[in-house]
Amino acid sequence: MYVAVKGGERAIENAHAWLDDARRGDRDVPDLVLDQIREQLALAVDRVMAEGALYDPDLAALALKQARGDVIEAVFLIRAFRTTLPRFGTSQPVDTGAMQIIRRISATYKDAPGGQVLGPTFDYTHRLLDFGLAQTPDIAAAPEAEISTASVPHILSHLNAEGLMQREDAGGPDVPDLTRAPLEFPAERPLRLQALTRGDEGFLLSLAYSTQRGYGRNHAFVGELRIGHVRVSAFLPELGFEIEFAEIMITECESVNQFQGSKTELAQFTRGYGLVFGQSERKAISMALVDRALRARELGEDLDGAPAQDEEFVLSHCDNIQSSGFLEHIKLPHYVDFQAELELIRKLRRDAAARQAATSQAAE
Amino acid sequence: MTDYNFAYLDEATKRMLRRAILKAVAIPGYQVPFSSREMPMPYGWGTGGVQVTAACLVPEDTLKVIDQGADDTTNAVSIRKFFARVAGVETTEATARASVIQTRHRIPETPLTEGQILVFQVPIPEPLRFLEPRETETRTMHALEDYGLMHVRLYEDIAKHGEIARAYAYPVRVEGRYIMDPSPIPKFDNPKLDNSPALQLFGAGRECRIYALPPYTRVESLDFEDYPFTASKAAGQVCAICGAEDSYLDEVITDDAGGRMFVCSDTDYCATRVAAQAEDAA
């Protein structure tokens, strides 16, 4: 008697038990604690927070542990948790000019008020495997300086003062919310930026790279890249004043791109903007370049059909939870549609063979 | 499980979904954009259907979940367990007993009745998508009822293959107005969409679209006068388990020497027939 070769409840339960067991691995090796992930795999935690669109390093560390280090799976866990949280309101715009800086560089000016701060960067390290890290060496504390409390103005504000930088629309109080309304096209810039900031880092990196190689070319300078802590506050109508409720680390990138001007506007510089949770400068720079590429239409630039300039293409495909889910769904059973295809192919072959036979008979 | 609201989603989200569903029922076949949420299962694995089911469920409901017509396929098991856990509703495998049925790729063989809701999981809700990738364009085409491209495509199939070479997700026209994707059901199931006494709801989570066929809606599979639509299945085969001649059959490979058998894809239909035969014999 035929036994249905279909996964049952027991198969699923056993598979999950196996997963739990494999996640733990060799029991002689100590179990990973979340503090270790949060402190020592901080950039992975940052990426999970950025693409998960939820700022919580402890939850991101938990997600990474549960996902066995699979970043997209961890992002998915965070997103699924995030949906269950109520939305109380909207924060005040974050003042990145008042950021407590740990890193701040400009590629357009040798020096500027506030100075250049390299911070904890991989830049200029030689990528030689440090075999010493295979042990557990004591790492000496880095040299420290006095914390500066002076605000560090944005580099591009100096260009702004000269009128060389295109003015940005400050936007109104009603910010659209990608997570509360379906994405519809054409999408305004605030919505595009929301999609990009939680978009897949690899996808945005490739798109940004494609603009550098000529697909929608628009040469970008890194006007400023800054990483640090900012305060987040909200206005509570019940209290009648603003309260601070969080301090978060973010990465901000402003690119400077030439704009030739048009009939109505003088030549000036335009901006691409990237803002990402945590320390994630590759993503922030990529985002700035893609943001600028997506402004091609509103700036009246030539559209040469480059993927990075096409908002439907970019926004419909940048979310790795959507794309990985749909990609992997083809693992699910498709017996029924496949069976229908099978019958169709057999029938088409039968019909064609019959026609061929009829033609050769007629020829004889 | 008390950590989550009934049927997982919070009430505000369910209200948003119900508004979209009501609009979809009011304009049969029209794709209503809705603010799809991330669910604890991946996009592409039935999140649209799960959200629609969550919005429809009440504690008195009896839920059936099928995938490929079967209650025991892995994803059907997973979704059924999800609702048993977060909604605590009764579940069943019997089509006739269910008040809500969530399905992927099939319509049950047992005819549905008034008061039942059939929820389809939809991967790509736009029937014109593979003719025109841009949403801005396809929305305009629907608005203007500009379906020439689709008819040309079907005609090209006939010119090339002698018939419309579509085996599943065969496009339909709803009440003579919107062209609709019936989700990837085999075209064998298309006639069941027409004039069904049940409410049929379609949810596409990743694509943020809900659409509907209210009970007793006219649904025609696209065809030409001289090339009429036919609902096809495995030719000349009957179910090897229950002997059914009228059900959709899955082909199962039984050995490596070309042996194969055909069995009902609808496991409840098959099991019910086997039970009835056993009773008759006794």
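Q: Two strands pair if DSSP finds at least two bridges between them; what makes β6 and β7 of chain B a pair?
A: The model is predicted: local features need pLDDT of at least 70 and side-chain atom pairs count only at pLDDT 80 or more, while totals for chains, interfaces and linings use all residues. Residues are numbered from 1 along each chain as its sequence is written, and chains are lettered from A and ligands numbered from 1 in the order in which they are written. Strand β6 (residues 172-174) of chain B is joined to β7(B) by 3 bridges, and the two run antiparallel. The requirement is at least two bridges, so β6(B) and β7(B) are a pair. Within this pairing, B:Val172 has B:Met180 in β7(B) as its bridge partner.

Q: Why are β7 and β10 of chain B called edge strands?
A: The open sheet has 3 strands in the order β7-β6-β10 (chain B), with antiparallel pairing. β7 (178-180) and β10 (219-221) of chain B each have a single partner strand, so one side of each has no neighbour in the sheet. From one strand to the next the twist averages 30°, where axes are lines fitted to C-alpha atoms and angles run from 0 to 180 degrees between N-to-C directions.

Q: Why is B:Lys160 called exposed?
A: A residue is exposed if 12 or fewer other C-beta atoms (placed from the backbone) lie within 10 Å of its own, buried if 20 or more do, and partly exposed in between. B:Lys160 has 10 such atoms, so it is exposed. B:Lys160 lies in helix α5 (residues 148-161) of chain B; helices are DSSP runs of H or I of at least four residues, strands are runs of E of at least two, and both are numbered from the N terminus.

Q: How do you know that chain A is more spread out than a compact globule?
A: Chain A has 12 helices and 4 strands. Its radius of gyration, 26 Å, is well over the 21 Å that the globule rule gives for 364 residues, so chain A is more spread out than a compact globule. The radius is taken over C-alpha atoms, and the rule is 2.2 Å times the number of residues to the power 0.38. Of the 364 residues of chain A, 29% count as buried.

Q: What makes residues of chains A and B count as being in contact?
A: Their C-beta atoms, placed from the backbone, must lie within 7 Å. On that basis, 51 residues of chain B are in contact with 40 residues of chain A. α3(B) gives the most to the side of chain B that touches chain A, with 4 residues.

Terms used
Two residues are in contact if their C-beta atoms, placed from the backbone, lie within 7 Å.
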